[in-house]
Amino acid sequence: MDMETVKLSEIVERLVPELSPFLTSKELDTSIVLRDGLALLEPADAVEIVQVSICNGQKEAWLH
């Protein structure tokens with residue numbers, strides 16, 4: 001499968017909707033590149049992507 005770019009909101013909606021309240025609209029709007037596409041993504045992978053997105057958002061907050 002080819003790489004696919006999706007919004008974090010799509011990943012969350014499909015695989016871990018219970019995490020949606022913990023994310024900001026900016027985080028949900030983040031583009032994520034998936035090496036093997038959304039179809040092969042597992043819930044555990046989605047949780048890891050969410051964790052990294054939150055960490056990256058916190059790093060940006062410190063830089064501003």
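E4 makes contact with I32, V33, L34, G37 and L38, once its neighbours within four places in sequence are set aside. That's a handy way into this predicted model, whose elements run β-α-α-β-α from the N terminus on. Here's a quick tour, starting with the strand that holds E4.

**Around E4**

- E4 belongs to strand β1, which covers residues 4–7.
- With a relative accessible area of 29%, E4 is partly exposed.
- E4 and D36 sit 32 residues apart along the chain, yet their C-alpha atoms are separated by 7.2 Å.

**Confidence**

- The average pLDDT of the protein is 90, and 91% of the residues score at least 70.
- Among the elements, helix α1 (residues 8–15) has the highest mean pLDDT, at 97.
- At the other end, helix α3 (residues 43–63) has the lowest mean, at 85.

**Overall build**

- The protein has three helices and two strands.
- The radius of gyration is 12 Å and the globule rule gives 11 Å for 64 residues, so the protein is as compact as a globular protein of that length.
- Taken along the principal axes, the box filled by the C-alpha atoms is roughly 40 × 25 × 15 Å.
- Of the contacts between residues at least 6 apart in sequence, 71% join residues at least 24 apart.
- Buried residues account for 27% of the 64 residues.
- The accessible surface adds up to about 4,700 Å², and carbon and sulfur atoms own 56% of that.

**The nonpolar core**

- In soluble globular proteins, nonpolar side chains tend to be buried together.
- The largest nonpolar core here counts 14 residues, and L8, I11, L34 and I49 are the ones with the most contacts inside it.
- Helix α1, strand β2 (31–34) and helix α3 each put in at least two residues of this core.
- If you want one residue to click on, try I11: leaving out residues up to four places away in sequence, I11 touches V6, V16, I32, L34, L38, L41, A46 and I49.
- Two of the residues on I11's list, L34 and I49, are also among those with the most contacts inside the core.

**S53 in helix α3**

- S53 lies in helix α3.
- S53 counts as buried because its relative accessibility is 11%, and the cut-off for buried is under 20%.
- Beyond its neighbours within four places in sequence, S53 is in contact with L8, E27 and I32.
- One of those partners, L8, is also among the core residues with the most contacts.

**Salt bridges**

- Side chains of opposite charge can pair when their charged atoms come close.
- Searching the whole structure turns up three salt bridges.
- D29 pairs with K7, and the closest N and O atoms are 3.6 Å apart.
- That D29–K7 pair ties together distant parts of the chain, 22 residues apart: D29 is in the loop between α2 (25–28) and β2, while K7 is in strand β1.
- Both partners count as partly exposed, D29 at 48% relative accessibility and K7 at 34%.
- R14 and E10 form another salt bridge, at 3.4 Å from N to O.
- R14 and E10 are four residues apart in helix α1, so about one helical turn separates them.
- E10 is partly exposed at 28% relative accessibility, whereas R14 is exposed at 58%.
- R35 forms a salt bridge with D36, with 3.7 Å between the closest N and O atoms.
- R35 is exposed at 66% relative accessibility, while D36 is partly exposed at 35%.

**Two residues worth a second look**

- R14 turns up twice: besides the salt bridge with E10, its C-alpha atom is 9.3 Å from that of L38, and the two residues are 24 apart along the chain.
- D36 does too: D36 pairs with R35 in a salt bridge, and the D36 C-alpha atom is 7.2 Å from that of E4.
- L38, for its part, is on the contact lists of E4 and I11.

Note on methods
Residues numbered from 1 in each chain as written. Predicted model: local features only at pLDDT ≥ 70, side-chain atom pairs only at ≥ 80, totals over all residues. Heavy atoms only, no water. pLDDT = per-residue confidence, 0-100. Core = buried A, V, L, I, M, F, W, Y, C linked by side-chain atoms within 4.5 Å. Buried < 20%, exposed > 50% of the residue type's maximum accessible area, 1.4 Å probe, protein only. Contact = heavy atoms within 4.5 Å. Salt bridge = Lys/Arg side-chain N within 4 Å of Asp/Glu carboxyl O. Rg over C-alpha atoms; globule rule 2.2 N^0.38 Å. Areas by Shrake-Rupley, 256 points an atom, 1.4 Å probe, with all protein chains shown as cover.
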